[in-house]
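The exercises below concern aromatic ring pairs and burial, and each is followed by a solution worked in steps.

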Amino acid sequence: MSLYDQFHQQFEFVLATSEADKRYVYRLRYQVYTSEFGHVMPGEPERQLEYDEFDRSALHCFIRHRATQEPVACIRVIYPGSGHGLRELPIESNSRGEFCHAELNPDLLPRDLTCEVSRAAILGRYRKRQSMPDPVAENEGPIYPRTDNDYKVASLLGVSVYLASTVMIGLMERRHALALMEPRLARLLGRFGLAFLRVGNIQQFNGVRAAYYIDQHQAEGALKPELQSFYRDIVGSLSAQFGEPVQRGVQSRSAVAEYAGS
């Protein structure tokens, strides 16, 4: 069984549409950004929740470990002009004056087809191997990741959240996606066929970052052959969840459903 098949066997993709599911996302982000990295973030730190005003105009997804039911990774796609009063993407203020591409500038992109990918987070023990934990009582449940193979499977979490965001962008009938990310992350995603193009200068924003752009249509077509089936499975999973009330303020896209059946 391939690592991709093992990933789908061990993890599931969930659109966070209920308030309870969104709290899973906000708590996971707090764990990563504040508890692990020490960043001062908005939200309710006293409740260990990280969120901001853009979350109201975003579609959220998290990845859950099936056996433990633990949310382990998440990402969001922010869409302007969504009926929530959002007119400016966070990257437009965070990277103001840093955009350096003559055409791929948020001021020049059609607002109803543009979005921003952000708040990607993966729990620390899934990103890097920890020392073997002490044995626990049987009633405390399974421990994951534990084996070398567990970590190999978990190493796909990074590309998986961005593949999920690619699906989400299509479901929302958007095409142009911006993201403020580390250059090394962009290079890593490029190895899988997700070719983010740098359209901004290198800047300091919670570390070294730059504005990047990707065309959702081109991204689907450029995925590495070994990822095509893996991606179709993600499309099938998220498309099935993209119903009411998820479509409030967001239009569905039949082309994504067609991709799932191809």
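**Exercise 1.** In this predicted model, determine whether tyrosine 4 and phenylalanine 230 are buried or exposed.

*Solution.* Tyrosine 4 has a relative accessible area of 17%, and because buried means under 20%, this residue counts as buried. Phenylalanine 230, with a relative accessible area of 2%, is buried by that cut-off too.

**Exercise 2.** Classify the ring pair of phenylalanine 7 and phenylalanine 230, and state which helices the pair connects.

*Solution.* The ring centres of phenylalanine 7 and phenylalanine 230 lie 5.6 Å apart, which is within the 6.5 Å cut-off for a pair. The planes stand at 80°, and since angles over 60 degrees count as edge-to-face, the pair is edge-to-face. Phenylalanine 7 belongs to helix H1 and phenylalanine 230 to helix H9, so the pair ties together parts of the chain that are 223 residues apart in sequence. Both phenylalanine 7 and phenylalanine 230 are buried.

**Exercise 3.** Place these rings in their wider setting: how many aromatic pairs are there, and which residues do ring pairs link into a cluster?

*Solution.* The count comes to 10 aromatic pairs. One of them joins tyrosine 4 and phenylalanine 230, a tilted pair with 5.1 Å from centre to centre and 50° between the planes. This pair links tyrosine 4 in helix H1 (residues 3-10) with phenylalanine 230 in helix H9 (residues 225-241), 226 residues apart. The cluster linked by ring pairs consists of Tyr4, Phe7, Phe11, Phe13, Tyr126, Tyr144 and Phe230. As for the chain as a whole, buried residues make up 50% of its 262 residues.

Key: Residues are numbered from 1 along each chain as its sequence is written. This is a predicted model: local features need pLDDT of at least 70, side-chain atom pairs count only at pLDDT 80 or more; totals for chains, interfaces and linings use all residues. Side-chain values use heavy atoms; hydrogens and water are left out. Rings of Phe, Tyr and Trp (its six-membered ring) pair if their centres lie within 6.5 Å; planes under 30 degrees apart count as stacked, over 60 as edge-to-face and the rest as tilted. Helices (H or I, at least four residues) and strands (E, at least two) are DSSP runs, numbered from the N terminus. Buried means under 20% relative accessible area, exposed over 50%, partly exposed in between (1.4 Å probe, protein chains only).
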